[in-house]
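This report describes selected strand and helix contacts in one protein model. The sequence and structure are shown first.

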Amino acid sequence: MEDKTNGGSGDAPKNYWDSSNKELAAQCLQTATAEIDFDKKRITNVKAVYPKEYAGTIRVAKSNDDIENLIMMLENIRDKGQPRGLVLDKAKVSVDSGLVSQEGGKTLGSGITSKIILVKDSQLGEMSAQKTIMLAQFHGDQIRAWVHLDNANLAPKLYSFEQEKGQVIMKMEVMEGQTLQSILDGELLQNSTDAVSLSICVLDGLLAAYERLREGNFTHGDIHSGNVMLEPQIKIKLFDFDMARKLLQDPTSNIIRIKNDLLEIIRIFCALYSGYDLDSRYKAENILKAKNVKELNEMLRSDLSETQRQELFKILTMLIDCVSDPRQEGYGDTYEVSKYLREKYKIDNLKKQLAVILFDKFQVKNEEISGMECEIESSNVWNDPDLDDFVKNVTDEDLKSLGVLVLE
């Protein structure tokens with residue numbers, strides 16, 4: 001119980017615990033935790049605050065206050081005409097979302113608090129990925145940040161969300177491709193040139209998502225390789241917005257959240273580029289701020305050339321400088337880094353080069369040599385003097401229509 005009039009100290013006045021106040025306080029404690037406002041001698045207002053775990057559940061009434069609180073909530077819903085859910089894409093999810101079948105019980109992924117399953121809308125026949133969380137775990141900024149990023153095509157499309165039986169159910173697009181974690185765990189990045197090229201494209205996409213969130217005054221709060229999908233078009237989508245929050249008036253909190261998002265992006269980029277993820281945000285910040293090139297150099301994959309190493313150090317330094325001093329103007333702004341990447345690497349063309357390596361349809365070059373067809377394997381394509389010929393065969397339309405990534 002907290003004193004709201006004396007700065008929240010919790011120290012009650014001497015005459016506070018008279019018989020009537022004790023009885024009222026006991027009633028509050030029987031029903032729920034309570035915030036108690038009082039003047040210097042008596043309780044003036046009691047507001048029951050129920051544990052979040054109670055949200056959307058059915059409980060045994062222990063007092064008239066319990067009854068009144070629920071009546072007020074129901075009347076508020078009635079008076080505002082508030083629906084219990086919203087469909088954002090009626091071509092993918094029907095309004096009667098009860099007519100949904102789980103498709104073979106297939107699990108697409110799982111997080112700390114929930115699984116993502118594949119479901120089929122029985123009316124429309126459309127597939128979607130369904131995520132369910134407890135209402136107690138729900139925060140409005142999850143949806144706000146998601147929609148903001150979705151509008152820039154940097155997150156999976158959100159089809160609908162609704163509240164049912166103490167849970168929040170969200171249906172979204174079924175993404176093609178693989179998470180960055182599965183790529184790191186696989187064998188695609190054995191060649192350092194492939195790894196460097198892919199890491200540059202991924203960093204460009206991650207910074208686009210990061211800046212888009214900052215424009216809306218959001219942070220993601222849980223960026224890691226398992227929450228980033230690489231789609232066949234060699235572009236990324238960020239997902240799992242459980243920890244996403246709007247930036248607040250508290251500058252200290254904002255600084256920490258912005259820096260943490262960027263440090264996780266740094267770790268992903270370094271892992272893809274060099275095979276080393278810097279172990280933690282804390283270690284990444286210490287190594288990079290101290291410009292401890294020697295320690296970092298010892299941890300990188302051995303086949304990186306000196307030029308590749310120097311380029312990695314340069315990009316990492318540019319990134320950490322964006323959050324080096326909370327007092328700096330434009331704290332967290334990564335515009336100059338994105339500009340550098342796009343001017344130096346010509347990202348769109350780099351994606352086409354990667355498509356040659358990652359997709360079967362671009363991995364064969366046919367030439368008439370003494371009446372025979374010559375096939376050049378993808379593993380040799382970077383060293384081929386006619387790489388430009390391969391790339392010319394990859395159009396923007398090809399990138400848009402690509403199917404599943406050829407990754408093991």
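The text below covers a strand and its partners, a loop residue, and a pair of helices.

The model is predicted. Strand S8 spans residues 167–172, and 5 of its 6 residues are buried, so the strand is largely enclosed by the rest of the structure. S8 pairs with strand S6 and with strand S7, as tabulated here.

| Strand | Partner | Sense | Bridges |
|---|---|---|---|
| S6 (residues 127–134) | S8 | antiparallel | 6 bridges |
| S7 (residues 158–164) | S8 | antiparallel | 6 bridges |

On the S6 side, Lys131 has Met170 of S8 as its bridge partner. For the pairing with S7, Glu162 stands opposite Ile169 in S8. The hairpin of S7 and S8 has 2 residues between the strands, and Lys165 there adopts a positive phi near 50 degrees.

Leu135 lies in the loop that runs between S6 and helix H3 (140–150). Its relative accessible area is 24%, and because buried means under 20% and exposed over 50%, Leu135 counts as partly exposed. The C-alpha atoms of Leu135 and Ile169 are 9.3 Å apart, with a sequence separation of 34 residues.

Elsewhere, helix H6 (residues 251–274) packs against helix H9 (residues 306–321) at an angle of about 175 degrees, and the axes are 10 Å apart. An angle over 145 degrees counts as roughly antiparallel, so H6 is roughly antiparallel to H9. By class, this contact of H6 with H9 comprises 11 nonpolar, 2 polar and 1 charged residues. The contacting residues in H6 include Leu262, Ile266 and Phe269, and those in H9 include Glu311, Leu312 and Ile315.

Conventions
Residues are numbered from 1 along each chain as its sequence is written. This is a predicted model: local features need pLDDT of at least 70, side-chain atom pairs count only at pLDDT 80 or more; totals for chains, interfaces and linings use all residues. Side-chain values use heavy atoms; hydrogens and water are left out. Buried means under 20% relative accessible area, exposed over 50%, partly exposed in between (1.4 Å probe, protein chains only). Helices (H or I, at least four residues) and strands (E, at least two) are DSSP runs, numbered from the N terminus. Two strands pair if DSSP finds at least two bridges between them. Axes are lines fitted to C-alpha atoms, for helices over the stretch in contact, and angles run from 0 to 180 degrees between N-to-C directions. Angles under 35 degrees count as roughly parallel, over 145 as roughly antiparallel, 65 to 115 as roughly perpendicular and the rest as oblique. Contact means heavy atoms within 4.5 Å. Ala, Val, Leu, Ile, Met, Phe, Trp, Tyr, Cys and Pro count as nonpolar, Asp, Glu, Lys and Arg as charged, and the others, Gly among them, as polar.
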